[in-house]
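I opened this notebook to keep track of what I looked up. The entries are short and in the order I made them.

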Amino acid sequence: MKYLLMIIVLLSAQLAYAQEDTRIFIDGRGKEVEIPVQAKRIIALRGEQFTAPLIELGAPVVGSVGNIVSGFNDGKPFMRGAYDLFHAEFGDQINFIGTSAQVDLEKIASLSPDLILVPDFAMENVEQLSAIAPTVVINIWSNPALERYRRIADAAGYLDDFERLESIYNFRLEYARELTKLMVGDPAEVSVAIAEVRGQRFRVYKNYGAMSHILDELGFSKPKIIADMNGERLDLSPEQVQAINADFLVTSYSKNFKMSPEDIKSNWDSLIPNWNKVLHAPQFNQHILIAREPMRALSFKSMEEILSIYISNIVMRDFTPLEK
């Protein structure tokens with residue numbers, strides 16, 4: 001009976017979809033997918049990468065994956081990034097369809113979606129999802145943030161809204177670049193390292209959401225070990241700490257994952273004793289802590305918030321440069 005109900009739901013969804021105007025979209029696999037000209041019922045299989053930008057665009061998300069963290073949000077599922085940046089919660093409009101690790105295919109089918117967005121690193125259910133509704137794979141880390149966002153907006157049929165928000169962002173970014181040149185001179189002469197310590201892991205980042213994207217947009221440089229990385233992140237040994245010496249050090253903290261600013265400093269102290277005496281930035285109060293989840297939400301709001309943080313904490317302040 002359970003499977004018969006699912007088949008009926010699938011047939012109903014396919015019949016409704018067949019009556020829509022459609023177009024061909026080439027997804028991250030290079031595959032042609034027939035999708036609605038403008039989606040009306042979207043399933044997002046990544047909170048901070050899909051749900052957050054779709055909410056910002058005003059697109060109709062009917063289901064999203066979520067996270068469940070003991071002691072946070074009363075143990076209820078939340079949409080990573082979208083919850084922190086837009087206070088978006090599961091309810092009547094957006095349904096919880098499982099976690100990124102385990103989606104509920106029957107729940108997805110029951111929502112009669114006309115578009116499903118899947119990240120390229122989680123394609124194990126693509127064939128089953130494609131039987132429910134047109135399924136588009138979006139490449140995540142291989143695409144720069146704005147190109148990734150544009151692809152999501154295009155797939156959903158909200159490209160005009162994306163371009164409107166992008167024009168506002170570009171206006172503010174250009175002003176920030178002029179201000180940076182006026183106050184700092186050549187931003188390439190100022191280095192910024194993004195790094196964090198969690199337990200026994202000492203990790204540096206080349207690609208870390210809006211936090212790294214805005215540094216690149218403003219033209220700041222990175223320590224060589226980070227600039228030369230092939231991927232988006234790299235785990236180092238504590239003995240390599242001096243390799244990330246920079247004018248500024250940026251680290252994220254997260255209420256969701258029980259990593260307060262105090263915890264962050266304790267983590268560094270525990271794994272790398274005297275790190276704040278070895279590295280230049282913490283010695284001169286040039287270690288910037290940024291809330292992780294809002295900045296990981298792919299959105300113009302996130303990028304503009306991080307832009308304001310860097311303008312205040314780097315561009316508009318007197319700082320002590322690292323000796324070359």
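Below are my entries on a pocket, a sheet, a helix and two single residues.

**Entry 1, the model.** I noted before anything else that this is a predicted model.

**Entry 2, the pocket.** I looked up the largest pocket and found a volume of about 310 Å³. Its lining has 16 residues, and the closest to the centre are R80, R203, Y208, R233 and R296. I then asked which elements give two or more residues to this lining. They are strand 8 (192-198), strand 9 (201-205) and helix 13 (292-296). Strand 9 gives the most, with three residues. I also sorted the lining of the largest pocket by class: ten residues are charged, five are nonpolar and one is polar.

**Entry 3, the sheet.** I traced an open sheet of five strands and wrote down its order as 5-4-3-6-7, with parallel pairing. Which strands are at the edges? Strand 5 (95-96) and strand 7 (135-138) are, since each pairs on one side only. As a reminder to myself, strands of a sheet pair through backbone hydrogen bonds, either parallel or antiparallel. I followed one pairing further: strand 4 (residues 61-64) runs parallel to strand 5, and two bridges join them. G63 has N95 in strand 5 as its bridge partner.

**Entry 4, helix 6.** I checked the length of helix 6 (residues 145-156). Its twelve residues, at 1.5 Å a residue, should span 16 Å, and the end C-alpha atoms are 17 Å apart, so the two values agree. I listed the buried residues of helix 6 as A145, L146, R148, Y149, I152, A153, A155 and A156. The general rule I kept beside this list is that an α-helix has 3.6 residues a turn, so residues three or four places apart point the same way. After helix 6 comes G157, and its phi is positive, near 90 degrees.

**Entry 5, H287.** I found H287 in strand 12 (residues 287-291). Is H287 buried or exposed? Its relative accessible area is 15%, and the cut-off for buried is under 20%, so H287 counts as buried. I also found a polar contact of 2.8 Å between the side chains of H287 and T251.

**Entry 6, S266.** I looked up S266 in helix 10 (residues 261-271). Its relative accessibility is 44%. Exposed needs over 50% and buried under 20%, so S266 is partly exposed. Last, I compared S266 with N125: they are 141 residues apart in sequence, and their C-alpha atoms are 40 Å apart in space.

Notes: Residues are numbered from 1 along each chain as its sequence is written. This is a predicted model: local features need pLDDT of at least 70, side-chain atom pairs count only at pLDDT 80 or more; totals for chains, interfaces and linings use all residues. Side-chain values use heavy atoms; hydrogens and water are left out. On a 1 Å grid over the protein atoms alone, a cavity is a set of points where a 1.4 Å probe fits but cannot get out, and a pocket is an open set with protein on both sides within 12 Å along at least five of seven lines; lining residues have an atom within 4 Å of a point. Grid points are joined across faces, edges and corners, and a volume is the space filled by probe spheres set on the points. Ala, Val, Leu, Ile, Met, Phe, Trp, Tyr, Cys and Pro count as nonpolar, Asp, Glu, Lys and Arg as charged, and the others, Gly among them, as polar. Two strands pair if DSSP finds at least two bridges between them. The expected span of a helix is 1.5 Å times one less than its number of residues. Buried means under 20% relative accessible area, exposed over 50%, partly exposed in between (1.4 Å probe, protein chains only). A polar contact is a pair of N or O atoms within 3.5 Å; within protein, one must be able to donate a hydrogen and the other to accept it, and residues adjacent in sequence count only if both atoms are side-chain atoms.
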